[in-house]
Amino acid sequence: MNRVILIISLAVSWAAPAAAGIPSTATLKGIDLYRSEQLTARRVSEALGAKVALYLDRVNAGPAERRQADRIKADIEDGLRKLGKFAFVSMHMSR
């Protein structure tokens with residue numbers, strides 16, 4: 001059985017960097033898959049796009065919503081694991 005590493009990278013853009021404690025205005029720019037022949041970014045977006053949007057919304061809400069954002073991130077990673085046979089799954093958001 002082939003096992004691959006799947007790392008999801010969410011690229012976001014925003015108007016200006018958020019200072020500590022101030023909500024962000026980041027918007028989703030795209031989803032990138034690293035080293036996966038089992039999934040496409042489109043498939044991930046179709047299956048988990050709503051959760052990704054919710055995750056970004058909670059991240060944008062600021063530090064007070066960090067725990068909820070972390071739970072949503074874990075849900076997204078669990079959902080990704082169910083979409084294929086992967087040795088490692090991790091989601092990272094870059095700004």
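User: What makes a pair of helices parallel, antiparallel or something else here?
Analyst: Angles under 35 degrees count as roughly parallel, over 145 as roughly antiparallel, 65 to 115 as roughly perpendicular, and the rest as oblique. This is a predicted model, where local features need pLDDT of at least 70, side-chain atom pairs count only at pLDDT 80 or more, and totals for chains, interfaces and linings use all residues. Residues are numbered from 1 along each chain as its sequence is written, and side-chain values use heavy atoms, with hydrogens and water left out.

User: Why are H1 and H2 called roughly antiparallel or roughly parallel?
Analyst: Their axes cross at roughly 165 degrees and come within 8 Å. Axes are lines fitted to C-alpha atoms, for helices over the stretch in contact, with angles from 0 to 180 degrees between N-to-C directions. The cut-off is over 145, so H1 and H2 are roughly antiparallel.

User: Which residues of H1 meet H2?
Analyst: Among them are Val 44, Leu 48, Tyr 55 and Arg 58 in H1, with Ala 69, Ile 72 and Ile 76 among those in H2. By class, this contact has 10 nonpolar, two polar and five charged residues.

User: What makes Arg 58 buried or exposed?
Analyst: Buried means under 20% relative accessible area, exposed over 50%, partly exposed in between (1.4 Å probe, protein chains only). Arg 58 has 16% relative accessibility, so Arg 58 counts as buried. Arg 58 lies in helix H1. Leaving aside neighbours within four places in sequence, Arg 58 is in contact (heavy atoms within 4.5 Å) with Glu 65, Gln 68, Ala 69 and Ile 72.

Note on methods: Helix = DSSP H or I, 4+ residues; strand = E, 2+ residues; numbered from the N terminus. Nonpolar A, V, L, I, M, F, W, Y, C, P; charged D, E, K, R; others polar.
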